[in-house]
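Dear colleague,

I am handing over the structure we spoke about, placed just below, and after it I set out what was found. Please keep it open beside the text as you read.

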Amino acid sequence: MEDSVFAELELAEAAQKVGGVRVRQHVNPLKASLQSQAPVPAWTDVYASTARPLVVDIGCGGGRFDLMMAKKYPETNFLGVDIRAPLVERGNKWGEYAGVVDNLHFAECNATVSMGKWLKSYAEDCGSKVETVAIQFPDPHFKKRHHKRRVVQPALVRALAEGLTPGARVFLQSDVKDVSEDMRDKFERFGAHLFDLDASLHDNPLGVPTEREVQTTSTNGRCYRVMLVRNNTTV
Ligand SMILES: C[S@@+](CC[C@H](N)C(=O)[O-])C[C@H]1O[C@@H](n2cnc3c(N)ncnc32)[C@H](O)[C@@H]1O
């Protein structure tokens, strides 16, 4: 099943390049239309059980990581979040196609703006824990004047600090050293005393690579990985 699903994914992506609807490569997250709070997902509609812990993948892209994780860990709910609506729609379609729907959902939002309310809602409305938030290979926005478009901003660090309970993990990885250091620096500056550095990691502790991670490692590129843990200091 898994092989055929991923073969179909490759075909769909190839088809897009030869004439289907193209997904824009980049979206400017600072656009005025992307500054409002996105509606919180209707948790009881999108998951078969909301008693399960939640893993959130911010900037999920094509969503293969989420699909594979949801298949591998049926007792955990997975939420792939992306700012590009077509990727989110496609992710949900692939979940249905693969028969992985009970614990997998993709939703559109600008994470920097909306994530705080979403995390709090899962904890308060479902009474369940957000176990891990992953930010993997975020868009690097190399030019200095575009660094403010990067997804990890003070507002997101504060949202994670407020929305996560002690013990929750934040997993950061990038193939760009400067981006990795910038993410870590933002957590140190704006989440000071609220997150402990668990480890700088050689391997991906989640056990399933993202699309970008496969691309990087298959060309012998380096991945810079950090795991942070929310401690019990109150905000
Ligand atoms: C380079 S891709 C990485 C995709 C995937 N995580 C991987 O490792 O293969 C970065 C993704 O983050 C999304 N993104 C960028 N800014 C975002 C934001 N503010 N909120 C949510 N998603 C965002 C982009 O649309 C894109 O799909």
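In this predicted model, seven strands form an open sheet with mixed pairing, and their order is β3-β2-β1-β4-β5-β7-β6. The edges are taken by β3 (104-108) and β6 (195-201), and because each has a single partner strand, one side of each is left without a neighbour in the sheet. On average, and with direction ignored, neighbouring strands of this sheet are turned by 20° against each other.

At the β3 edge, β2 and β3 run parallel and are joined by five bridges, and D82 stands opposite E108 in β3. Helix α4 (residues 85-97) packs on the sheet, where it touches β2 and β3, and its direction makes about 165° with that of β3.

Turning to another helix, α6 (residues 154-163) has as its buried residues L156, V157, A159, L160, A161 and G163, and these pack against α5 (111-126), β4 (130-136), β5 (169-174) and α7 (177-190).

As for the ligand, 23 residues lie around it, of which G59, G61, F137, T210 and R212 come nearest. Two or more residues of this shell are given by each of β2 (77-82), α5 and α8 (211-218), with α8 providing the largest share, three residues. By character, the shell divides into 11 nonpolar, six polar and six charged residues.

For the protein chain as a whole, there are eight helices and seven strands, and buried residues make up 37% of its 235 residues. Among contacts between residues at least 6 apart in sequence, 78% join residues at least 24 apart.

With best wishes

Key. Residues numbered from 1 in each chain as written. Predicted model: local features only at pLDDT ≥ 70, side-chain atom pairs only at ≥ 80, totals over all residues. Buried ≥ 20, exposed ≤ 12 C-beta atoms within 10 Å, placed from the backbone. Helix = DSSP H or I, 4+ residues; strand = E, 2+ residues; numbered from the N terminus. Contact = placed C-beta atoms within 7 Å. Near = placed C-beta within 6 Å. Nonpolar A, V, L, I, M, F, W, Y, C, P; charged D, E, K, R; others polar. Pairing = 2+ DSSP bridges. Axes fitted to C-alpha atoms, helices over the stretch in contact; angles between N-to-C directions.
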